[in-house]
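Q: Please take a close look at one helix of this model and describe what surrounds it. I would like a single connected account, in plain terms.

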Amino acid sequence: MKQRTLRPYYGLFASLCICAALVAAWFAFTTPGSDLFFPSPESIWAALERQPRVWLLAVLATAARVVVGLVAGAIAGVFLGLVLACRRTARVALHPIIEVIRPLPVVALIPLFIFWFGLGNEGQLFLTGLGAGMTMLLTTIGAVDSVPVVY
(Lines give C-alpha, C1' and ligand atoms only; values in the text may rest on other atoms or scores of the structure.)
Protein backbone atom coordinates (compact mmCIF):
# COMPACT_ATOMS: atom_id res chain seq x y z
CA MET A 1 0.00 0.00 0.00
CA LYS A 2 1.30 3.41 -0.93
CA GLN A 3 2.24 5.64 1.98
CA ARG A 4 0.81 9.17 1.89
CA THR A 5 3.03 12.06 2.84
CA LEU A 6 2.08 15.31 4.48
CA ARG A 7 4.46 17.36 2.32
CA PRO A 8 1.68 19.03 0.24
CA TYR A 9 0.09 20.33 3.45
CA TYR A 10 3.20 22.07 4.80
CA GLY A 11 2.46 25.26 2.88
CA LEU A 12 -1.12 25.34 4.14
CA PHE A 13 0.02 24.68 7.70
CA ALA A 14 2.64 27.44 7.48
CA SER A 15 0.06 29.90 6.14
CA LEU A 16 -2.37 29.07 8.94
CA CYS A 17 0.39 29.51 11.54
CA ILE A 18 1.33 32.91 10.13
CA CYS A 19 -2.31 34.03 10.13
CA ALA A 20 -2.74 32.82 13.71
CA ALA A 21 0.42 34.66 14.78
CA LEU A 22 -0.79 37.88 13.13
CA VAL A 23 -4.18 37.66 14.83
CA ALA A 24 -2.50 36.94 18.18
CA ALA A 25 -0.21 39.95 17.71
CA TRP A 26 -3.24 42.07 16.82
CA PHE A 27 -4.92 41.08 20.08
CA ALA A 28 -1.73 41.52 22.08
CA PHE A 29 -0.61 44.92 20.81
CA THR A 30 -3.91 46.80 20.62
CA THR A 31 -6.16 47.97 23.42
CA PRO A 32 -9.88 48.58 23.10
CA GLY A 33 -9.67 52.26 24.09
CA SER A 34 -6.88 53.41 21.78
CA ASP A 35 -8.26 53.27 18.23
CA LEU A 36 -6.34 56.25 16.91
CA PHE A 37 -3.86 54.36 14.72
CA PHE A 38 -5.07 50.78 14.59
CA PRO A 39 -8.38 49.54 16.00
CA SER A 40 -8.52 46.58 18.30
CA PRO A 41 -10.53 43.45 17.43
CA GLU A 42 -12.91 44.23 20.29
CA SER A 43 -13.73 47.70 18.94
CA ILE A 44 -14.26 46.32 15.43
CA TRP A 45 -16.60 43.64 16.79
CA ALA A 46 -18.51 46.27 18.81
CA ALA A 47 -18.92 48.44 15.70
CA LEU A 48 -20.21 45.44 13.72
CA GLU A 49 -22.72 44.66 16.48
CA ARG A 50 -23.96 48.27 16.56
CA GLN A 51 -24.65 48.43 12.80
CA PRO A 52 -24.97 44.94 11.31
CA ARG A 53 -27.11 46.03 8.34
CA VAL A 54 -24.64 48.68 7.24
CA TRP A 55 -21.80 46.14 7.28
CA LEU A 56 -23.85 43.54 5.40
CA LEU A 57 -24.99 46.03 2.74
CA ALA A 58 -21.41 47.23 2.23
CA VAL A 59 -20.16 43.65 1.80
CA LEU A 60 -22.94 42.85 -0.68
CA ALA A 61 -22.33 46.03 -2.68
CA THR A 62 -18.60 45.28 -2.87
CA ALA A 63 -19.25 41.69 -3.92
CA ALA A 64 -21.66 42.86 -6.63
CA ARG A 65 -19.10 45.34 -7.97
CA VAL A 66 -16.42 42.66 -8.05
CA VAL A 67 -18.62 40.14 -9.86
CA VAL A 68 -19.92 42.65 -12.42
CA GLY A 69 -16.42 44.03 -13.07
CA LEU A 70 -14.87 40.58 -13.45
CA VAL A 71 -17.60 39.27 -15.75
CA ALA A 72 -17.62 42.39 -17.93
CA GLY A 73 -13.83 42.44 -18.10
CA ALA A 74 -13.64 38.76 -18.95
CA ILE A 75 -16.23 39.06 -21.71
CA ALA A 76 -14.54 42.14 -23.18
CA GLY A 77 -11.09 40.53 -22.89
CA VAL A 78 -12.13 37.34 -24.66
CA PHE A 79 -13.93 39.25 -27.42
CA LEU A 80 -11.05 41.65 -28.01
CA GLY A 81 -8.56 38.77 -27.79
CA LEU A 82 -10.43 36.87 -30.49
CA VAL A 83 -10.53 39.95 -32.71
CA LEU A 84 -6.83 40.66 -32.23
CA ALA A 85 -5.86 37.02 -32.79
CA CYS A 86 -7.90 36.71 -35.99
CA ARG A 87 -7.41 40.16 -37.58
CA ARG A 88 -3.86 41.23 -38.31
CA THR A 89 -4.77 44.90 -38.91
CA ALA A 90 -6.46 45.16 -35.53
CA ARG A 91 -3.47 43.53 -33.86
CA VAL A 92 -1.01 45.90 -35.55
CA ALA A 93 -3.13 48.92 -34.59
CA LEU A 94 -3.81 47.98 -30.96
CA HIS A 95 -0.63 46.11 -30.01
CA PRO A 96 1.31 49.24 -28.95
CA ILE A 97 -1.54 50.41 -26.72
CA ILE A 98 -1.86 46.99 -25.10
CA GLU A 99 1.89 46.79 -24.51
CA VAL A 100 1.80 50.17 -22.73
CA ILE A 101 -1.12 49.21 -20.48
CA ARG A 102 -0.16 45.57 -19.85
CA PRO A 103 2.77 46.01 -17.43
CA LEU A 104 1.00 48.63 -15.30
CA PRO A 105 -0.31 47.19 -12.03
CA VAL A 106 -4.01 47.90 -11.62
CA VAL A 107 -3.44 49.12 -8.07
CA ALA A 108 -1.13 51.87 -9.37
CA LEU A 109 -3.98 53.20 -11.52
CA ILE A 110 -6.33 53.80 -8.56
CA PRO A 111 -5.39 57.50 -8.09
CA LEU A 112 -5.90 58.20 -11.80
CA PHE A 113 -9.27 56.46 -11.80
CA ILE A 114 -10.37 58.42 -8.74
CA PHE A 115 -9.34 61.62 -10.50
CA TRP A 116 -11.08 60.67 -13.76
CA PHE A 117 -14.24 58.95 -12.49
CA GLY A 118 -14.55 60.10 -8.89
CA LEU A 119 -15.45 57.74 -6.07
CA GLY A 120 -18.52 56.30 -7.79
CA ASN A 121 -19.13 52.81 -9.11
CA GLU A 122 -18.04 53.55 -12.67
CA GLY A 123 -14.35 53.85 -11.88
CA GLN A 124 -14.40 50.84 -9.60
CA LEU A 125 -16.13 48.68 -12.19
CA PHE A 126 -13.84 49.87 -14.98
CA LEU A 127 -10.71 49.24 -12.90
CA THR A 128 -11.86 45.73 -11.95
CA GLY A 129 -12.81 45.05 -15.56
CA LEU A 130 -9.44 46.31 -16.77
CA GLY A 131 -7.60 43.91 -14.49
CA ALA A 132 -9.68 40.92 -15.55
CA GLY A 133 -9.87 42.01 -19.18
CA MET A 134 -6.12 42.32 -19.69
CA THR A 135 -5.57 38.84 -18.29
CA MET A 136 -8.28 37.35 -20.48
CA LEU A 137 -7.10 39.32 -23.53
CA LEU A 138 -3.54 38.02 -23.34
CA THR A 139 -4.66 34.49 -22.50
CA THR A 140 -7.09 34.42 -25.42
CA ILE A 141 -4.48 35.72 -27.88
CA GLY A 142 -2.00 33.09 -26.68
CA ALA A 143 -4.59 30.32 -26.86
CA VAL A 144 -5.72 31.22 -30.38
CA ASP A 145 -2.13 31.61 -31.58
CA SER A 146 -1.25 28.15 -30.28
CA VAL A 147 -3.95 26.44 -32.35
CA PRO A 148 -2.48 24.98 -35.55
CA VAL A 149 -3.54 26.75 -38.74
CA VAL A 150 -5.07 23.53 -40.09
CA TYR A 151 -7.91 23.81 -37.59
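A: The model is predicted. A good place to start is T135, a residue of helix 6. Is T135 buried, exposed or partly exposed? Its relative accessibility is 47%. Buried would require a value under 20% and exposed a value over 50%, so T135 counts as partly exposed. T135 can also be related to a residue elsewhere in the chain: V78 is 57 residues away in sequence, yet the two C-alpha atoms are 9.3 Å apart in space.

The helix that holds T135 spans residues 121-146. One of its partners is helix 3, which spans 52-86. The axes of helix 3 and helix 6 lie 6 Å apart, and the two helices pack at an angle of about 35 degrees. Their crossing is right-handed. Sorted by type, the residues in the contact of helix 3 with helix 6 comprise 15 nonpolar, ten polar and two charged.

Helix 3 also offers a second residue to set beside T135. V59 belongs to helix 3 and has a relative accessibility of 39%. That value falls between the two cut-offs of 20% and 50%, so V59 counts as partly exposed. For V59 and G33, 26 residues apart along the chain, the C-alpha atoms are separated by 26 Å.

Next comes the nonpolar core. The largest one has ten residues in all: L84, A90, I98, L109, F113, L127, L130, M134, L137 and I141. Helix 4 and helix 6 are the elements that give two or more residues to this core. Helix 6 gives the most, with five residues. Membership of a nonpolar core requires a residue to be buried, which means a relative accessible area under 20%.

The largest pocket brings in helix 6 again. This pocket holds about 290 Å³ of space. It is lined by 15 residues, and the closest to its centre are A76, L80, L130, G133 and M134. Two of these names, L130 and M134, are also listed in the largest nonpolar core. Which helices supply at least two residues each to the lining? They are helix 3, helix 4 (88-101) and helix 6. The largest share, six residues, comes from helix 6. By type, the lining has eleven nonpolar residues, four polar ones and no charged ones.

Taken together, helix 6 packs against helix 3, gives the most residues to the largest nonpolar core and supplies the largest share of the lining of the largest pocket.

Note on methods: Residues numbered from 1 in each chain as written. Predicted model: local features only at pLDDT ≥ 70, side-chain atom pairs only at ≥ 80, totals over all residues. Heavy atoms only, no water. 1 Å grid on protein atoms, 1.4 Å probe; cavity = no way out; pocket = protein on both sides within 12 Å on 5 of 7 lines; lining within 4 Å. Points joined across faces, edges and corners; volume = space filled by probe spheres on them. Helix = DSSP H or I, 4+ residues; strand = E, 2+ residues; numbered from the N terminus. Nonpolar A, V, L, I, M, F, W, Y, C, P; charged D, E, K, R; others polar. Axes fitted to C-alpha atoms, helices over the stretch in contact; angles between N-to-C directions. Left-handed = near helix turned anticlockwise from the far one by under 90°. Core = buried A, V, L, I, M, F, W, Y, C linked by side-chain atoms within 4.5 Å. Buried < 20%, exposed > 50% of the residue type's maximum accessible area, 1.4 Å probe, protein only.
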